[in-house]
Amino acid sequence: MSAPAYEDSVFINCPFDPQYAELFPALVFTVIDCGFVARSAQEEDDSGESRIEKLYRIIASCKYGIHDLSRTELSEFGLPRFNMPLELGIYLGARKFGDAINRTKTCLILDRSQDRYRRFISDLAGNDPKAHRNSPRRAVIVVRNWLRNARPQEQLPGGEDIWKRYRAFRRDLPLLTASFKLNRNALEFLDLTTMINEWLPLNPPRR
Amino acid sequence: MAKAMRRLKASATGRLSRKSIQGAVRALHVFPAAGNGGWQVKELGTEGLHKRFASMEEAIAFAKQAADKNNSQVLIHRRNARLKVEGSEKPGVYKLVYPR
């Protein structure tokens with residue numbers, strides 16, 4: 001299978017904990033429904049490659065990046081969870097210091113509220129992070145509108161239409177996962193994207 | 001039913017084949033209705049067929065008839081069961097059997 005094109009690839013940098021299980025599939029669904037390819041650090045499981053090397057490789061191959069900082073908070077050990085800001089930093093670094101292709105990168109920074117980032121990563125002032133307020137519906141609309149600006153010449157489905165079909169997909173997901181004895185909240189990333197890619201043609205957006 | 005039993009299962013990496021996912025997405029799903037009993041037949045998606053029946057047998061008979069028309073699979077879900085795929089008499093139609 002050939003690698004997805006750089007111009008079509010959207011890197012989704014977000015936590016993979018159970019508390020985020022409602023938001024992550026909504027982001028993936030929106031990216032695919034808008035005609036892009038969702039990419040994630042979870043897409044491959046090669047023990048021969050370090051996690052950071054894998055991140056470098058995936059980030060280098062994506063023109064677009066969605067970075068959700070909403071779970072940057074103290075862990076049970078009293079330390080901040082900093083993987084997402086680190087990956088955002090790598091992404092911004094690639095855009096600033098990379099080759100001509102990587103300098104075309106564009107990204108969307110998400111948090112749960114509009115100004116929370118000022119308290120822990122104030123250098124992002126000017127990058128205009130968007131708030132999803134921990135709402136999958138809000139996240140769908142924010143991501144859709146951002147992708148719309150990324151490709152202004154193309155007609156994308158509306159945010160509410162994507163949300164409506166995403167809810168229908170979520171209703172169908174238990175039947176799909178039960179068909180394979182899988183836990184719907186612990187789906188492999190590639191299984192999830194394949195399910196979405198196969199389900200969407202049966203449920204095209206209203207044009 | 002002497003045909004070989006097959007299982008829908010993940011690959012060695014834990015990933016499913018596109019073909020098996022495609023089959024499940026396009027299948028007619030037969031499953032118990034919530035609440036006071038009955039069985040449902042459902043095509044996935046917003047526009048697909050969705051009907052309710054009093055018994056599992058009625059639901060399966062209807063689903064098989066509908067599946068014959070579009071050469072899709074019938075997947076029968078039963079709670080707390082181990083899933084298997086059994087080849088049916090008609091090509092293209094499969095029945096999921098849950099051993100008790």
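Questions on a predicted two-chain model

Buried residues make up 25% of the 100 residues in chain B. The model is predicted.

User: How many helices and strands are there in chain B, and what pattern do they follow along the sequence?
Analyst: Chain B holds two helices and six strands. Read from the start of the sequence, chain B opens with a helix. The full pattern is α-β-β-β-α-β-β-β.

User: What is the strand order of the open sheet of four strands in chain B?
Analyst: The pairing in this open sheet of chain B is mixed. Neighbouring strands are turned by 20° against each other on average, with direction ignored. The order of the four strands is 3-2-1-4.

User: Which strands of chain B stand at the edges of that sheet, and why is one side of each left without a neighbour?
Analyst: Each edge strand has a single partner strand, so one side of it has no neighbour in the sheet. The edge strands of chain B are strand 3 (50–53) and strand 4 (74–76).

User: Which residue in strand 3 of chain B does B:Lys42 stand opposite?
Analyst: Strand 2 (residues 39–43) of chain B is joined to strand 3 of chain B by four bridges. The two strands run antiparallel. The residue opposite B:Lys42 is B:His50.

User: Is B:Gly23 buried, exposed or partly exposed?
Analyst: B:Gly23 sits in helix 1 of chain B. There are 19 other C-beta atoms within 10 Å of B:Gly23. A residue counts as buried at 20 or more such atoms and as exposed at 12 or fewer, so the class in between applies. B:Gly23 is therefore partly exposed.

User: What distance separates the C-alpha atoms of B:Gly23 and B:Ala61?
Analyst: Along the chain, B:Gly23 and B:Ala61 are 38 residues apart. In space, their C-alpha atoms are separated by 19 Å.

User: Which element gives the largest share of the side of chain B that touches chain A?
Analyst: The contact takes 19 residues from chain B and 19 residues from chain A. On the side of chain B, the elements that give two or more residues are helix 1 and strand 1 (28–32) of chain B. By class, that side has 10 nonpolar, seven polar and two charged residues. The largest share, five residues, comes from helix 1 of chain B.

User: Which residues of helix 1 of chain B meet helix 6 of chain A?
Analyst: From helix 6 of chain A, the residues in this contact are A:Thr194, A:Met195, A:Glu198 and A:Trp199. The residues of the contact divide into four nonpolar, two polar and two charged. From helix 1 of chain B, the residues are B:Arg18, B:Ile21, B:Gln22 and B:Val25.

User: How are helix 6 of chain A and helix 1 of chain B oriented to each other?
Analyst: The axes of helix 6 (residues 189–199) of chain A and helix 1 (residues 18–26) of chain B come within 9 Å and cross at roughly 50°. The crossing is right-handed. The angle makes helix 6 of chain A, relative to helix 1 of chain B, oblique.

User: What is the order of the five strands in the open sheet of chain A, and how do they pair?
Analyst: Strand 2 (37–39) and strand 5 (130–131) of chain A are the edge strands, each pairing on one side only. The five strands follow the order 2-1-3-4-5, and the pairing is parallel.

User: Which residue in strand 4 of chain A is the bridge partner of A:Ile66?
Analyst: Strand 3 (residues 64–68) and strand 4 (residues 106–111) of chain A run parallel. Five bridges join them. In strand 4 of chain A, the partner of A:Ile66 is A:Leu108.

User: Which strands of chain A does helix 4 of chain A lie across?
Analyst: Helix 4 of chain A runs at about 165° to strand 4 of chain A. The strands that helix 4 lies across are strand 3, strand 4 and strand 5 of chain A.

User: How are helix 1 and helix 4 of chain A oriented to each other?
Analyst: The axes of helix 1 (residues 24–33) and helix 4 (residues 136–150) of chain A come within 9 Å and cross at roughly 30°. The crossing is right-handed. Angles under 35 degrees count as roughly parallel. Helix 1 and helix 4 of chain A are therefore roughly parallel.

Key:
Residues numbered from 1 in each chain as written. Chains lettered and ligands numbered in written order. Predicted model: local features only at pLDDT ≥ 70, side-chain atom pairs only at ≥ 80, totals over all residues. Axes fitted to C-alpha atoms, helices over the stretch in contact; angles between N-to-C directions. Parallel < 35°, antiparallel > 145°, perpendicular 65-115°, else oblique. Left-handed = near helix turned anticlockwise from the far one by under 90°. Contact = placed C-beta atoms within 7 Å. Nonpolar A, V, L, I, M, F, W, Y, C, P; charged D, E, K, R; others polar. Pairing = 2+ DSSP bridges.
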